[in-house]
Amino acid sequence: DSAPMSGFLWFILLGCIIAQVLDGFDFEATSFALPLLVKEFHITPTQAGAIGSVTNIGLLLGALIFAPISDRLGRKPLFQWALATYAFGTFLSAIAPNYAFLLGARFITGVGISAEFPVAFALLAEYAPTRLRHIFVGSGVAGYSVGWFVCAVVATAVVPTFGWRALFWIGITPALMIIYVRRYVPESVRFLSTLK
C-alpha cells in the first residue's frame with residue numbers, strides 16, 4: 001500500500017493497459033468490418049445489429065461467471081485464459097464462412113473480453129500503492145478507449161485494401177500477451193494472502 005513507484009509496478013501497469021487496448025480494439029473491430037460483412041453475407045440491418053448484440057451477451061455472461069472464478073483460482077490463470085479465449089474468438093471471426101458462424105465467434109470473443117476485465121482491473125488495484133490506485137485503475141479504463149481509436153486508425157488503413165477479415169487477423173494479437181502474462185506477471189499478492 002505504501003510502496004514507491006518502481007519498474008515492476010510500471011511493468012504491471014503498462015502490461016494491463018496494453019491488454020485493455022487490445023480488448024477495445026477487438027470489441028470495436030466489428031463496427032468497422034460491418035459494411036463489408038453486410039455485403040458478403042447478404043444480411044439484413046436487423047441481422048447486422050445482432051452481431052454487436054451477441055458480443056454484448058458474451059460480455060455479460062463472461063463478467064458474471066468469471067469474476068467470481070478469478071477470486072477462487074487466481075488472477076494469473078484467468079488472465080491467460082481470457083486472452084486465449086478472445087483471441088480464439090477473433091480467429092474464428094476471421095475465418096467465418098457464414099453469418100451464423102460469425103455470431104458464434106463474436107459471442108466467444110465477448111466472453112473472453114469480459115473475463116479479462118475483472119482480472120486486469122483486480123491486478124491493477126491489488127498491486128497499486130494506495131495513493132496511486134485511482135490512477136492505475138483509471139488507466140486501464142482509458143486503455144480500452146484507446147483501443148477503439150487504434151482500431152479506427154488500423155481499419156482505415158487496412159480494410160479498404162485487404163478486406164474486413166484482415167482486421168480480425170490483426171485482432172488475434174492478444175494471444176501474444178499470454179507470453180507476457182505467463183512469464184512476467186506474478187499472481188496477485190493480495191489473492192495469495194487470502195489462500196489458506
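In which helix does Tyr144 lie? Tyr144 belongs to helix H5, which spans residues 133-162. Before this residue is followed further, a word on confidence: the model is predicted, with an average pLDDT of 85 over the chain. Of the residues, 95% score at least 70. Confidence is highest in helix H6 (residues 164-170), with a mean of 94, and lowest in helix H8 (residues 189-194), where the mean is 68. Where pLDDT is low, the predicted coordinates should not be read in detail.

To return to H5, Tyr144 has a relative accessible area of 13% and is therefore buried, the limit being under 20%. Leaving aside residues up to four places away in sequence, Tyr144 touches Gln20, Val21, Asp23, Gly24, Phe27 and Phe117. One of these partners, Phe117, is 27 residues from Tyr144 along the chain, and the two C-alpha atoms are separated by 9.7 Å.

The next step is the packing of the helices. Two packed helices are described by the angle between their axes and the distance between the axes. Helix H1 covers residues 7-41, and its axis comes within 10 Å of the axis of H4, with a crossing angle of roughly 160 degrees. Because this angle is over 145 degrees, H1 counts as roughly antiparallel to H4. The H1 and H4 crossing is left-handed.

H1 also packs with H2. Here the axes come within 9 Å and cross at roughly 155 degrees, so H1 and H2 are likewise described as roughly antiparallel to each other. The crossing of H1 and H2 is right-handed, whereas that of H1 and H4 is left-handed. On the H1 side, the residues that meet H2 are Phe27, Thr30, Leu34, Leu37 and Val38. Their counterparts in H2 are Ala48, Ile51, Thr55, Asn56 and Leu59.

A further pair is formed by helix H3 (residues 75-94) and H4, whose axes come within 7 Å and cross at roughly 155 degrees. H3 and H4 are therefore roughly antiparallel to each other, and their crossing is left-handed.

Which residue in H4 can be used to look at these surroundings from the inside? Arg106 is found in H4, the helix of residues 99-127. With a relative accessible area of 0%, Arg106 is buried. A polar atom of the Arg106 side chain lies 2.9 Å from the backbone oxygen of Asp26. Apart from residues up to four places away in sequence, Arg106 touches Asp26, Phe27, Thr30, Ile51, Val54, Thr55, Thr90, Ser93 and Phe168. Among these, Thr30 lies in H1, and Phe27 and Thr30 both appear on the H1 side of the meeting with H2. Ile51 and Thr55 appear on the H2 side.

Thr30 can be read from its own side as well. At a relative accessibility of 7%, Thr30 is buried. Outside its sequence neighbours up to four places away, Thr30 touches Ile51, Arg106 and Phe168. Ile51 and Phe168 are also in contact with Arg106.

Another residue of H1, Leu22, has other partners. Leu22 is buried, with a relative accessibility of 17%. Its contacts, again without residues up to four places away in sequence, are Tyr86, Thr173, Pro174 and Met177. Leu22 and Asn98 are 76 residues apart in sequence, and their C-alpha atoms are 25 Å apart.

Two loops complete the picture. Is His42, in the loop between H1 and H2, buried or exposed? His42 is exposed, at a relative accessible area of 69%. Its phi is near 55 degrees, a positive value in a residue other than glycine. Most residues other than glycine have a negative phi, and most peptide bonds are trans.

The loop between H3 and H4 holds Ala96. Ala96 is buried, with a relative accessibility of 0%. Not counting residues up to four places away in sequence, Ala96 touches Phe41, Phe101, Leu102, Trp164 and Arg165. Arg165 is 69 residues from Ala96 in sequence, and their C-alpha atoms are 8.7 Å apart.

Note on methods. Residues are numbered from 1 along each chain as its sequence is written. This is a predicted model: local features need pLDDT of at least 70, side-chain atom pairs count only at pLDDT 80 or more; totals for chains, interfaces and linings use all residues. Side-chain values use heavy atoms; hydrogens and water are left out. Helices (H or I, at least four residues) and strands (E, at least two) are DSSP runs, numbered from the N terminus. Buried means under 20% relative accessible area, exposed over 50%, partly exposed in between (1.4 Å probe, protein chains only). Contact means heavy atoms within 4.5 Å. A polar contact is a pair of N or O atoms within 3.5 Å; within protein, one must be able to donate a hydrogen and the other to accept it, and residues adjacent in sequence count only if both atoms are side-chain atoms. pLDDT is the predictor's confidence in each residue, from 0 to 100. Axes are lines fitted to C-alpha atoms, for helices over the stretch in contact, and angles run from 0 to 180 degrees between N-to-C directions. Angles under 35 degrees count as roughly parallel, over 145 as roughly antiparallel, 65 to 115 as roughly perpendicular and the rest as oblique. A crossing is left-handed if the near helix is turned anticlockwise from the far one by less than a right angle, and right-handed if clockwise.
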